[in-house]
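Colleague: I should be grateful for a close look at a single part of this model, the surroundings of the ligand. Please describe which residues come nearest and what kinds of contact they offer.

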Amino acid sequence: MTLQLFELVGTDTERPFSPYCWRTRMALAHMELDAGSIPWRFTEKGAIAPHGSEKVPVLLHGEKPVVDSWVIANYLEDTFPDRPSLFGGMGGRATGKLINAWGDIAVVGGIFPLIVADIPAHLDAVDAEYFRKSREARLGRKLEDVAAERDKAVTGFRRSLEPMRQTLKAQPYLGGVAPNYADYIVFGGFQWARAVSPFKLLEESDPIYAWREKLLDAFGGLARKSAGFAV
Ligand SMILES: N[C@@H](CCC(=O)N[C@@H](CS)C(=O)NCC(=O)O)C(=O)O
């Protein structure tokens, strides 16, 4: 049965930019699973509604839809037990749940105000209007006003990554000697930023920068080859 992934894009279909879709894309590569890409834009709700979702990623396994990046990771782990494991056992899966929440809140949530104003330029007029309206309602402010503070705000974001920094001083990946799904959860956030924004999130001396470089090169440079800014 074929695998197909709905992936968020804007005007450039070679620039998938959802942090959650990137978690799934890296997970598929880790498991050595081929999956076709179905480019999806914010306002194309009709394409995924029949699969029971308003958001991407949505993975189709044959006819079967699997919705939400964490659910997809668990589905892949359980459905393809003969493939390289994403979690490395029940402990990895359980702590992966924590990293997933941390990735959503501290990483995606932390990066969001730093890059959000750069996103509309990658969207067509209809999507850009939807994005601006929905995100400004969420933020309670204009995107440009949020962006105006980013040079200062990035310091707090970098500080918030200290637990990860400490971990990477002791081991090469969150997964230990090799990456696992915990790494892809966090990496998805950085790859989202790289796809849409020239803003520098990490200093080169940061161990997280070196970790990100390794993941950009993983799987034949899957993430590095995808359209993005070299920051
Ligand atoms: N918890 C979900 C979050 C998915 C999500 O928020 N996807 C965004 C793209 S990054 C989306 O589809 N947004 C649609 C919209 O804003 O209308 C997951 O992990 O898959």
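Modeller: The side chain of Ser 69 places an N or O atom 2.6 Å from an oxygen atom of the ligand. The model is a predicted one, and every distance given here is computed from it. A second side chain, that of Arg 135, has an N or O atom 2.9 Å from an oxygen atom of the ligand. With Val 56 the backbone takes part: one of its N or O atoms lies 2.8 Å from a nitrogen atom of the ligand. Of the 520 Å² that the ligand exposes when taken alone, the protein buries 85%.

The wider shell may be considered next. Around the ligand there are 15 residues, and those that come nearest are Lys 45, Val 56, Ser 69, Tyr 130 and Arg 135. By character, the shell comprises eight nonpolar, five charged and two polar residues. Two helices, H1 (19-30) and H5 (125-139), each contribute at least two residues to this shell. As for the site itself, the ligand takes up the space of the largest pocket.

A hairpin lies between Val 56 and Ser 69 in the numbering, and may be described for orientation. Strand S3 (residues 58-61) runs antiparallel to strand S4 (residues 64-67), and four bridges join them. Within this pairing, Leu 60 stands opposite Pro 65 of S4. Two residues separate the strands of the hairpin, and Gly 62, in the turn, has a positive phi of about 65°.

Technical notes. Residues are numbered from 1 along each chain as its sequence is written. This is a predicted model: local features need pLDDT of at least 70, side-chain atom pairs count only at pLDDT 80 or more; totals for chains, interfaces and linings use all residues. Side-chain values use heavy atoms; hydrogens and water are left out. Two strands pair if DSSP finds at least two bridges between them. A residue is near a molecule or strand if one of its heavy atoms lies within 4 Å of it. A polar contact is a pair of N or O atoms within 3.5 Å; within protein, one must be able to donate a hydrogen and the other to accept it, and residues adjacent in sequence count only if both atoms are side-chain atoms. Accessible areas come from the Shrake-Rupley method with a 1.4 Å probe; for residues, only the protein chains shown count as cover. On a 1 Å grid over the protein atoms alone, a cavity is a set of points where a 1.4 Å probe fits but cannot get out, and a pocket is an open set with protein on both sides within 12 Å along at least five of seven lines; lining residues have an atom within 4 Å of a point. A molecule sits in a cavity or pocket if more than half of its atoms lie within 2 Å of its grid points. Ala, Val, Leu, Ile, Met, Phe, Trp, Tyr, Cys and Pro count as nonpolar, Asp, Glu, Lys and Arg as charged, and the others, Gly among them, as polar.
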